[in-house]
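Colleague: I have a model open and want to learn how to read it. Can we go through it feature by feature?

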Amino acid sequence: MTDVDLVIVGGGHAGHAAFAAYREAGGKGPVVLISEDEAAPYRRPPLSKGYLRGESGEDELSFDSVEFYTVGDDELLLDDSVVSLDAGTRSIRTRAGREFTYQNCILATGGEPNTLPVTGGEKVPVLRWLAQARGIRDQAQSATSAVVVGSGFVGCEVAASLAARGISVTMVSTEERPQLNRLGPDAADLITKFLTDAGVTFHGETEVVDVKDGSIVELSDGTSLLADLVVAAVGISPRVELAEQAGADIRNGRVVVDQQMRTSVAGLFAVGDVALAFNTTAGRHLVVEHWANAEQMGKVAATTATGDTAEWGDAPGFFSQIGSHTLKYKAWGDGFDQSIAVRHENGGTTIWYVKDGVTVGVLTDDADDDFTRGADLVLEGAPSPV
């Protein structure tokens with residue numbers, strides 16, 4: 001049994017940020033970061049964009065060298081996972097048989113990509129980790145046609161990236177238009193245009209009912225699509241198993257944490273996609289699945305673990321590159337009653353999200369001034385600017 005100050009479970013953006021922030025905040029004891037991935041922590045957004053298009057290599061993805069995580073008594077355990085967590089004794093055991101006792105533990109376990117819940121769906125590739133992206137990119141080298149299932153941002157980015165390689169791409173979605181339910185009709189129209197500009201054919205209001213031989217996609221409207229490559233991008237399921245094992249509060253499938261990322265269990269934190277975190281500015285718990293916010297949460301948890309003070313109060317947001325367009329979004333993300341689109345002379349677009357007369361979000365394309373202004377208005381809880 002090895003005694004450490006901090007155990008970080010998960011090697012994504014949140015886990016890496018927590019490791020770095022712990023040291024920056026003055027944490028002195030040994031830290032162990034445990035990741036199921038075979039690679040040291042790396043940037044994941046490029047996987048669906050530049051990496052998938054073949055424009056960047058794996059050597060450009062890493063945050064730091066392996067040596068960054070192994071200074072002194074610090075350890076980086078790759079291709080391993082935590083199989084038991086005892087919150088009473090503050091101890092964990094890994095699949096490889098390593099055992100640790102800890103003062104604090106940060107769960108940055110993220111989410112498991114959902115597979116298509118149909119016959120043959122379990123064989124359809126998903127994109128979350130480097131090895132999966134590598135497999136899809138390898139298949140894309142010889143593919144002339146592809147079907148991407150799901151119209152979330154990962155699905156849109158993957159579809160546009162495959163199309164950029166000269167592949168004929170069809171996107172299949174249960175939605176009438178991409179992101180209609182989440183972001184409203186104006187944003188859905190904008191994203192549809194982006195996909196069309198990229199050369200993607202959108203096939204909406206239908207669902208996959210069968211995938212045969214990994215290449216024949218049968219839809220509920222009777223359509224049959226034949227493709228060399230099929231990719232599923234149908235969301236994630238937060239990995240809350242360890243938090244449940246520890247007895248932490250779970251709500252709506254996520255771990256409930258306060259503004260310092262503390263769970264209901266002493267010495268246990270949760271950050272990133274797995275967390276339902278309290279935002280001090282919003283004054284409520286929020287669900288976010290964006291890497292930048294995962295990094296912020298990791299920093300808050302690690303800083304708190306050193307005994308210093310930190311809290312999460314920024315508004316969630318992300319950038320999404322779909323073909324030649326980049327969407328920028330900043331919003332609380334938990335509802336609006338109006339979306340108001342403003343078209344600019346330069347061809348750009350701003351969409352303001354309003355609830356009870358207050359600005360709760362902004363989405364822009366080629367309107368950076370509005371994005372910066374909108375981010376401030378969201379944080380201030382200011383009235384709608386339009």
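Modeller: We will take strands, helices, cores and single residues in turn. Keep in mind that this is a predicted model.

Colleague: Let us begin with strands. Which strands does β1 pair with, and in what sense?

Modeller: Look for bridges between strands. Strand β1 (residues 2-9) runs parallel to strand β6 (residues 99-107), with 7 bridges joining them. β1 also pairs with β2 in the parallel sense, over 4 bridges.

Colleague: Which residues stand opposite valine 9?

Modeller: In β6, the bridge partner of valine 9 is leucine 107. In β2, valine 9 faces isoleucine 34.

Colleague: What handedness does the unit of β1, α1 and β2 have?

Modeller: Follow the path from strand to helix to strand. With helix α1 (residues 13-24) in between, β1 and β2 make a right-handed β-α-β unit.

Colleague: Where else can I practise that?

Modeller: Try strand β9 (residues 168-172) and strand β10 (residues 200-203), a parallel pair joined by 4 bridges. Methionine 171 stands opposite phenylalanine 202 in β10. From β9 the chain passes through helix α5 (residues 180-198) to reach β10, and this β-α-β crossover is right-handed.

Colleague: In what order do the strands of the open sheet with β16 stand?

Modeller: The order is β16-β17-β19-β20, 4 strands with mixed pairing. To find the edges, count partners. β16 (250-251) and β20 (284-287) each have a single partner strand, so one side of each has no neighbour in the sheet. Strand β19 (residues 275-279) pairs with β20 in the antiparallel sense, over 4 bridges. There, asparagine 279 has arginine 284 in β20 as its bridge partner.

Colleague: Now helices. Why do residues three or four places apart point the same way?

Modeller: An α-helix has 3.6 residues a turn, so that spacing brings the direction round again. Take helix α3 (residues 130-140). Its buried residues include Leu130, Ala133, Ile136, Arg137 and Ala140. They span an arc of only 125 degrees around the axis, which puts them on the same side of α3.

Colleague: What do the buried residues of α3 pack against?

Modeller: They pack against α2 (50-53), α4 and β14 (229-232).

Colleague: Let us turn to cores. How many residues does the largest nonpolar core have?

Modeller: It has 100 residues. Val7, Leu85, Leu107, Leu162, Val169, Met261 and Leu363 are those with the most contacts inside it. Helix α4 (residues 153-164) gives the most to this core, with 7 residues. Another core, of 15 residues, lies apart from it; Val147, Val208, Val217 and Ala227 are among them.

Colleague: What is leucine 363 in contact with?

Modeller: Set aside its neighbours within four places in sequence. Leucine 363 then contacts, among others, Leu183, Ala187, Leu190, Leu327, Lys328 and Tyr353.

Colleague: A lysine is on that list. Is lysine 328 buried or exposed?

Modeller: Check the relative accessibility. The cut-off for buried is under 20%. Lysine 328 is at 16%, so it counts as buried. Lysine 328 is in strand β22 (residues 325-331). Its side chain makes a polar contact of 3.0 Å with the side chain of aspartate 368. Beyond four places in sequence, lysine 328 also touches residues including Phe318, Phe319, Val362 and Phe371.

Colleague: Is aspartate 74 buried or exposed?

Modeller: Aspartate 74 has a relative accessible area of 7%, so it is buried. It is found in the loop between α2 and β3 (75-77). Look next for a polar partner. The side chain of aspartate 74 reaches the backbone nitrogen of valine 31 at 2.9 Å. Its contacts beyond four places in sequence include Phe19, Arg23, Pro30 and Tyr69.

Colleague: What about glutamate 36? Where does it lie?

Modeller: Glutamate 36 lies in the loop between β2 (31-34) and α2. At 41% relative accessibility, it counts as partly exposed. Its side chain makes a polar contact with the side chain of arginine 239, at 2.6 Å. Glutamate 36 also touches Asp79, Asp80 and Ser81.

Colleague: Which residues does glutamate 112 touch?

Modeller: Leaving out residues up to four places away, glutamate 112 touches Trp129, Gly235, Ile236, Ser237 and Arg239. So Arg239 appears in the contacts of glutamate 112 and of glutamate 36. Glutamate 112 lies in strand β7 (residues 111-113). At 36% relative accessibility, glutamate 112 counts as partly exposed.

Note on methods. Residues numbered from 1 in each chain as written. Predicted model: local features only at pLDDT ≥ 70, side-chain atom pairs only at ≥ 80, totals over all residues. Heavy atoms only, no water. Core = buried A, V, L, I, M, F, W, Y, C linked by side-chain atoms within 4.5 Å. Buried < 20%, exposed > 50% of the residue type's maximum accessible area, 1.4 Å probe, protein only. Helix = DSSP H or I, 4+ residues; strand = E, 2+ residues; numbered from the N terminus. Contact = heavy atoms within 4.5 Å. Polar contact = N/O pair within 3.5 Å; in protein donor to acceptor, adjacent residues only side chain to side chain. Arc of directions from axis to C-beta. Pairing = 2+ DSSP bridges. Right-handed = clockwise from strand over helix to strand, strands pointing away.
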